[in-house]
Amino acid sequence: MPQRLRRPRAPVASNRIAADIGGTFTDVAVFDEASGQMLLGKTLSTPRDLVEGINTGVDKAGAQVRDAALFLHGSTVAINTLLERSGARTALLITEGFRDIYEIGRINRPDAYNLYFRKHVPLVERALCLEVRERLMADGTVLHALDEACVEAACDRMVAEKVEAVAILLLHCYRNPEHERRVKAIVQARLPHAFVTASHELSQEYREFERCSTAVANAYIGPRVSRYVQGIDEHLKEEGFAGSFLLVQSTGGLYQSEQARVECVRMLESGPAAGVVGVQALARVLGLEDAVAFDMGGTTAKAGVIYRGEVMTTSAALVGGYNQALPVQIPMVDIFEVGTGGGSIARVDESGALKVGPQSSGAEPGPACYGRGGEQPTVTDANLVLGRLGAERFLGGEMHLDRAAAERAIRTQIAEPLGMSVRAAADGILRIAVSSMSYAVKGVSTDRGLDAAAFPLIAYGGAGPLHAAAIAREIGMARVLVPQAPGHFCAYGMLHSDLRYDFVRTWFTPLAAASFKELDEVFAALIGEGRAILKRSGVKAESVAIGRAIDMRYVGQEHPVTVDLTPEVFRKRDRDAIKALFDAVHLRRYGTCAPAERAEVVSLRATVTGVMKKPPPAAIARGTARVPAAALRGQRPCWFNGLARAIATPVYDRTQLRAGNRLQGPALIEEHASTTVLLPGDSARVDRWGTLDITIGED
Amino acid sequence: MANKAKPVRRHTADAVLTEIVRNGVLAVTEEMKTHLMRTAYNMIIYEALDFTVGLFTPKGETVSIGLGLPSFIRGMANTVRAMIERFGADGVGPGDILVTNDAYTTGSHLYHFTFAVPVFYEGHLAGWTVCMAHWPDVGGQLGGITTDIYSEGLQVPILKYQRAGVVNQDLIDIIRMNVRIPDRAMGDLRAQITAVKSGERRYTELLERYGREPVLAAIARIMDQSERSARARTRSIPDGSWEAESFMDDDGISVGRRVPIKVRVTKKGDRMTIDLTGVSPQVSGFYNSGPSTGISCAQVAYKCLTSPTDYPINEGSFRALDVIVPAGTVVSAVKPAAMRWWMTYPMTIVDTIFRAMVEAIPERTIAAHHADLGVAMINGIAPTDGRFFLSSVGPAGGGWGAKASADGMSGVVCLNDGDTHNHPVEQMEAKFPILFERHCLRDDSGGAGRHRGGLGTEQVVRALTPINFNIQVDRVHCPPWGLEGGLSGAGNQVALRLEGREINDFPNAKVLSRRLAAGDAFIIRTGGGGGFGPPVERDAERVAHDVRQGYVSHDNARALYGVVLGATGGVDPVATRRERKTRASKARARSSTQ
């Protein structure tokens, strides 16, 4: 059944389709520019043939790809290929003398007391790390010219070894990419079917291990991701699609499928990033400058931040857990992830501590209440036992939950060992889950010096609205917003993404000596490049937005902070204002600054954005403060915050709510893929766009 | 602030609040770590992460200690206790920041400047946030081997860097006058203040939310849990008493005179006693450390052997451990013992404790590792700006020992350090007048065994301008040993290439105050880990894999493992069986004639 936010007024003519493929579900959102109508579809993902899931999702939304002008896509294919280690047979070409730097890495041993500690496992076996005779100095000058015969010999070896992908890492190429370019050209000529990546194409920062790891990750996932993107491209064409096919990057910006097939590693955090962009769009509609995005699914919870209207980003990430992480130096939405989701397993460990997650019951066998053989209690079981989930209403009634099984699991494995009641145990599980998720929220806010308490929390993902009010209380946040269709929010977010190209150029210079003329030239070059790519994309953007930022630090420091240059400061060429901005960013981030110290420029960042036309917000029908009778589904006993007594809690059907309706907690608001919990003392108002605007009670 | 966190004082299930506080205190030290790293001025802090941050109870018990230097786990708690003793519980107040780098208090060297904030909540002391970071220079002699503390630089006793919010400018002036690159030292000082203050802020949030008493009660429970889990794991070790012995090459002064390391471990019921009485008396050269380091050695070994992955470290982790370490040993040295290279010997002591336990718990112990930072010190005048520069080159990763069921890791930092990183080649070359010719694994350096030791590394570094070079590596002559029939890995080694000729016959691998000309190079080779179990028992396919990857040479596959490979690199099963059979009968013959 397609879910309709508005009844169609006319047959669909031209539209924009967004499809987000996650681990469990494929979500589709379709926006028709002509009618302003939005259609949604949700279906189980089909790991063996992902295109099938897209088809079903689009069908469920009641749309057809041939009617689309744009097809937008986010996928976990890149991150999964990396985490599952299912990528290509990859070789690494590297400066002579350094073939082991990828395996040696940073030599750290975070798991310091575990004699069985393991370090990162390279994506390339040592036998396929091949050296190239050449050497650049730190300033980019050539110490030893490139020995092309040596590259040819490496190619012979790679042909014999049936290599499918090649990464190239030459020292100091960020100062002079000529050798890398030449090596790439030779390899492409000799191995025409191989996927080839040179490190400078992805990252122009020093630190050879991190850049190497980035290039290798791209090469390793390249063939599979590239085939995947091509497969969808072909499928779309077969279905009569004649528009542009764009993918979501980890920055939340879009890029063309042709580019995605080359710079695959840029789509690692595709789906989660789209959710944060959705929050940015919603915040704009609601007139909010700042917001925390909170997404909770089956296995993890993620948080991101909108600050002063902008999505907060980071310039690098570690993939696969800190101890064995593979670094990827690519700008991304700053997302903090914790291993807590609906399926997270609760257990009592040997010393009597209650633990929740990070192990997850996954979709199979799933929580105990799924009745598919899962015997370990999970966060979902705790929600069911406390009455927050309706046994008959899960996924719009498509799935029945077994309350007795949930109780049994919690009793035998938590309550009895700890000598507490089942409800107290369930309450404890939720509180620990909430505490752990609150660290994801803090990780992107207070860790960055932002006062999370002053930000509204925007909750989505299937399980987000269930826990948002409790998380807000934990942190001291006063306001929670639950958008329409929170279970489809990442797909919705894609419809609000723009084409986006990020550029960084290293440019060491003391701020006091920085030449504005040179600064102008560098920015102009970067921006020109962005405009050219945008033009080549063939996508008609409504307008082009330019962002300029400077990475700065105090003279002597290593790690810079990024200072956004307002157009005014840039135009006025005001050095003191730039210095003051930097001091303020340092103070916000770390709690201290040193205004008397000199500052220096490390690199210049430019962002070129092709602004796309956005779906206008769709208003829902107006009502009064009183909730219509049709919206009340009945009452259910619920237990909140360790209260001994059940409270008869009203249950509402979200689709029947009207703008202006007011609700008082405790209350449960159910919709197809999610349930929102209002705790006692909370109140909510339905705004004109259908958003649940929750005020957290004084408790 | 628009909406401050509201205190929650309602009754909460103990187990739940405990878990929340456990996350909370980890977040305190995590944030301190991030802020120190991101704001620091010297590579050894921001890139190598040579520092430790911690949160302590009002009495100075360890609540949470960041992933810093394992060998320093006790030094920081002792420093807080010494601060409490110095000023008394009433002698500190809000807005105070204490400091010291006294080597006999921290147990380590003068480079370890330690700052501490007493955290007050509603008028009561609620804990301490503390940050130790390694400063690259604190004055004192450059190069060579010091023989007393006075030649090692400025000593700052425990005093107040800041009193009730007012900074002690006299102290700053004294420090500035005593260090070689004052601007950078002040930058690191500011970074450390940033770290302890952010820890204070984050811990205060926790106190505001749940109240001082409930938080301290939860902390007590966290410690009890760690204690219970360590006791339970200790109980599973058979009762008994075990000894082991090893040695250090020398103390740098009496070249070639071995320094004995003898340890005894006794285990009864759920208690363990580690006796370091047999460790060498303090030495003339700068390899000594203070009493807290002897305790750290025992605690690190105990944690690794009993409950390595159960919980992060806190005071409770070590309640069931007794440590015997008399005053005046190399790990309990008294003034004026030289301490500058304090970190080398303790690692071998811990390795030796692991060796003692192989009989009792072979599956939980590990063969020896390279046990040296492999750090060189360089200084000189930079050709770019004509100013004095000084840096460490390293730490270099080395080989770790094999275990009963797994190979050793290659190219990993030694036991003294946990989350310490190496310096990127590109960064070093951008900042100092040196050029790396190679940075790679040392093939064949891992000790052969049923499980192979990890490989050491090699760095060849060329001077681009005249530089002063200093290095003092140990465990050259006492290479990382194997266990249960596993062979030793290669020892550490230092070499120089002077006018194109390699010299590597230093009597003790200690190269002191050597001036290198432009074009000369120094070479640091770290040892490989020891093997575990007889090499001939190693799965032949894994030997073939090691040969394909170049970890083990074709010749050694045959000579050490008895594995014969065919022309394409595959195992020749018939020849291998014959080879291994011959060895077994030879070994039998040897053992019967002995």
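Here's a quick tour of one strand and one pair of helices in chain A. Keep in mind that this is a predicted model. Strand β10(A) covers residues 165–169, and 5 of its 5 residues are buried, so the rest of the structure largely encloses it. Over in the helices, α11(A) and α12(A) cross at roughly 90°.

**Strand β10(A) and its two faces**
- In a regular strand, side chains alternate between the two faces of the sheet.
- One side of β10(A) carries Ala165(A), Ala167(A) and Leu169(A), while Val166(A) and Ile168(A) sit on the other.
- Every one of those residues is buried, so both faces of β10(A) are covered.

**Who β10(A) pairs with**
- Strand β6(A), residues 90–95, pairs with β10(A) in the parallel sense, using 5 bridges.
- Within that pairing, Val166(A) of β10(A) has Ala91(A) opposite.
- β10(A) also runs parallel to strand β11(A), residues 195–198, and 4 bridges join the two.
- Here Ile168(A) has Ala198(A) in β11(A) as its bridge partner.
- To get from β10(A) to β11(A), the chain passes through helix α5(A), residues 178–190, in a right-handed β-α-β crossover.

**Where α11(A) meets α12(A)**
- Helix α11(A) spans residues 403–418 and α12(A) spans 422–444; their axes come within 9 Å.
- With that crossing of roughly 90°, the two helices are therefore roughly perpendicular.
- From α11(A), the contact takes in Glu407(A), Ile410(A), Arg411(A), Ile414(A), Ala415(A) and Leu418(A).
- Facing them from α12(A) are Val422(A), Ala425(A), Ala426(A) and Ile429(A).
- By type, this contact has 8 nonpolar residues, 2 charged and no polar ones.

How values were computed:
Residues are numbered from 1 along each chain as its sequence is written. Chains are lettered from A and ligands numbered from 1 in the order in which they are written. This is a predicted model: local features need pLDDT of at least 70, side-chain atom pairs count only at pLDDT 80 or more; totals for chains, interfaces and linings use all residues. A residue is buried if 20 or more other C-beta atoms lie within 10 Å of its own, exposed if 12 or fewer, and partly exposed in between; C-beta atoms are placed from the backbone. Helices (H or I, at least four residues) and strands (E, at least two) are DSSP runs, numbered from the N terminus. Two strands pair if DSSP finds at least two bridges between them. A crossover is right-handed if, with the strands pointing away from the viewer, the path from the first strand over the helix to the second runs clockwise. Axes are lines fitted to C-alpha atoms, for helices over the stretch in contact, and angles run from 0 to 180 degrees between N-to-C directions. Angles under 35 degrees count as roughly parallel, over 145 as roughly antiparallel, 65 to 115 as roughly perpendicular and the rest as oblique. Two residues are in contact if their C-beta atoms, placed from the backbone, lie within 7 Å. Ala, Val, Leu, Ile, Met, Phe, Trp, Tyr, Cys and Pro count as nonpolar, Asp, Glu, Lys and Arg as charged, and the others, Gly among them, as polar.
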